[in-house]
Amino acid sequence: MSDHVYKKIELVGSSKDSIEAAIENAIKSAGSSLRNLDWFEVIDTRGHITDGKVSHYQVELKVGFRLDN
């Protein structure tokens, strides 16, 4: 196993569909400009209510990526 160095960033993903979709949206967006994404951790989950129903999901993530050697 090689030694690696990682960096963590915080992201907020959102979706009208689900918590999982909010996570996927954040990871997909980060992946378009960052390399070596390796893991994520859900920090917080929020939502918006309209007319007594969930209308929007928001998820705060820590995302780790491996730095190039």
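Me: Before we start, what is the radius of gyration taken over?

Reply: Happy to begin there, and please keep in mind that this is a predicted model. For the comparison ahead, a rule for globules is used: 2.2 Å times the number of residues to the power 0.38. The radius of gyration itself is taken over C-alpha atoms.

Me: What radius of gyration does the chain have, set against a compact globule of 69 residues?

Reply: A compact globule of 69 residues would come out near 11 Å. The C-alpha trace here spans about 50 × 20 × 15 Å along its principal axes. The radius of gyration of the chain is 14 Å.

Me: In what order do the elements of the chain run from the N terminus on?

Reply: The chain holds one helix and three strands. The helix, α1, covers 19–31, and β2 covers 37–50. Next to β2 across a loop is β3, at 53–66. From the N terminus on, the order is β-α-β-β.

Me: Which element gives the most residues to the largest nonpolar core?

Reply: In soluble globular proteins, nonpolar side chains tend to be buried together. Here the largest nonpolar core has eight residues: Leu11, Ala22, Ile23, Ala26, Ala30, Val59, Leu61 and Val63. Two or more of these come from each of α1 and β3. The top giver, with four residues, is α1.

Me: Which residues is Ala26 in contact with, leaving aside its neighbours within four places in sequence?

Reply: Ala26 is one of the residues of that core. Two of its contacts, Leu11 and Leu61, belong to the core as well. With Gly13 added, the list reads Leu11, Gly13 and Leu61.

Me: Is Asn36 buried, partly exposed or exposed?

Reply: Asn36 sits in the loop between α1 and β2. Its phi is positive, about 60°, although Asn36 is not a glycine. Buried means under 20% relative accessible area and exposed means over 50%. Asn36 has 25% relative accessibility, so it counts as partly exposed.

Me: And Asp51, is it buried or exposed?

Reply: Asp51 lies in the loop between β2 and β3. Asp51 has a positive phi too, about 55°, and is not a glycine either. Because its relative accessible area is 76%, Asp51 is exposed.

Me: How far apart do the centres of the positive and negative side chains lie?

Reply: Two sets are compared, 9 positive side chains and 11 negative ones. Each set has its own centre, and the distance between the two is 4 Å.

Note on methods
Residues are numbered from 1 along each chain as its sequence is written. This is a predicted model: local features need pLDDT of at least 70, side-chain atom pairs count only at pLDDT 80 or more; totals for chains, interfaces and linings use all residues. Side-chain values use heavy atoms; hydrogens and water are left out. Buried means under 20% relative accessible area, exposed over 50%, partly exposed in between (1.4 Å probe, protein chains only). Lys and Arg count as positive and Asp and Glu as negative; His and the chain ends are not counted. The place of a charge is taken as NZ of Lys, CZ of Arg, CG of Asp or CD of Glu. A nonpolar core is a set of buried Ala, Val, Leu, Ile, Met, Phe, Trp, Tyr and Cys residues joined through side-chain atoms within 4.5 Å. Contact means heavy atoms within 4.5 Å.
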